[in-house]
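Here is a short tour of a ligand site and of some ring pairs. Keep the model open beside you as you read.

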Amino acid sequence: MTSSTHDWTIDQGWGQYTAQDHSVWRTLFERQTALLPGRACKEFVDGMKHLPMDASGIPDFRALNEVLMPQTGWQVVAVPGLVPDAVFFDHLAHRRFPSGNFIRTPVQLDYLQEPDVFHDVFGHVPMLMNPVMADFIQAYGVGGLRADSMGALALLARVYWYTVEFGLVREAGDLRIYGAGIASSFSESVYALDSEVPQRMAFDLGRVMRTLYRIDDFQQTYFVLEDLSALLTLGQTDFGPLYAACIDRPTYAPNAAVPGDVLVPRS
Ligand code: HBI
Ligand code: FE
């Protein structure tokens, strides 16, 4: 295993995966593939269709990159787990998506704290095949390095969280999943669309920047884009003035209801 400390990338070590690792992948892949039709957005479905990713086992990042690179210039690089924010942003700014190379154990099937290869590859990579999302995540990386220098990292991290990780999008009048944190989770793929518990509201950048989130439970608020193309505008927006406007204003709890919120009914 060669590892270079400066960017935290390591070899994926595909040959070291055990039969159990591949079996966990197969279980998760088959469950999500059966569940997501009618729930995942068309861009996710389309991206998945063109990728060498199936139930046979954990994909080799080299095979994924042979398809992903020509499509949007992105590549998946293996990392041992969460990496420091600045390292993460730098990778994204250069169209390198850091993916954990480990997979959860059979007892963690339904939930794990740290993004594993199933969350990162099954959840994020199909959306990286979409040019709009591909540009948005690179813009996020570039913005992250800048936000960090402005002390506005928390605000930008909320934008990533409520879009790339837990975003919903309207599709032919219904709500669909585009966030990787939902798409890679069996229970949240049901909860995010069907449950009466969370609120769903129209995406509003300033509102998102001030809305806290939990990393250890289902989301209590989902923000809905009218169309994925809204990320184009978002990626080109200069967040600077918004940081200044939001940075010293109070934050909202994950389940807060705020005057001006435009609630969106379940599909
Ligand atoms: N590292 N590997 C990895 N994956 C992530 O999703 C990740 C990370 N480091 C930081 C991070 N996410 C978030 O804290 C930033 O989006 C702010
Ligand atoms: Fe993620």
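Which helix gives the largest share of the shell around ligand 1? Helix H4 (residues 85–93) does, with three residues; helices (H or I, at least four residues) and strands (E, at least two) are DSSP runs numbered from the N terminus.

A word on the ground rules: this is a predicted model, where local features need pLDDT of at least 70 and side-chain atom pairs count only at pLDDT 80 or more, while totals for chains, interfaces and linings use all residues. Residues are numbered from 1 along each chain as its sequence is written, and side-chain values use heavy atoms, with hydrogens and water left out.

The residues around ligand 1 (near means a heavy atom within 4 Å) include Val 79, Leu 82, Phe 88 and Ala 157. Three polar contacts (pairs of N or O atoms within 3.5 Å) are set out here:

| Ligand 1 atom | Protein partner | Distance |
|---|---|---|
| nitrogen | Gly 81, polar backbone atom | 3.1 Å |
| oxygen | Asp 85, side-chain N or O atom | 3.1 Å |
| oxygen | Tyr 140, polar side-chain atom | 3.0 Å |

Of the 390 Å² of accessible area that ligand 1 has on its own, the protein covers 84% (Shrake-Rupley method, 1.4 Å probe).

Now for the rings: the structure holds 18 aromatic pairs, with ring centres within 6.5 Å (planes under 30 degrees apart are stacked, over 60 edge-to-face, the rest tilted). Tyr 191 and Tyr 222 have ring centres 6.3 Å apart and planes at 65°, so they pair edge-to-face. Because Tyr 191 lies in helix H9 (residues 186–194) and Tyr 222 in strand E6 (residues 221–225), the pair ties together parts 31 residues apart in sequence.

Key
Chains are lettered from A and ligands numbered from 1 in the order in which they are written. A polar contact is a pair of N or O atoms within 3.5 Å; within protein, one must be able to donate a hydrogen and the other to accept it, and residues adjacent in sequence count only if both atoms are side-chain atoms. Rings of Phe, Tyr and Trp (its six-membered ring) pair if their centres lie within 6.5 Å; planes under 30 degrees apart count as stacked, over 60 as edge-to-face and the rest as tilted.
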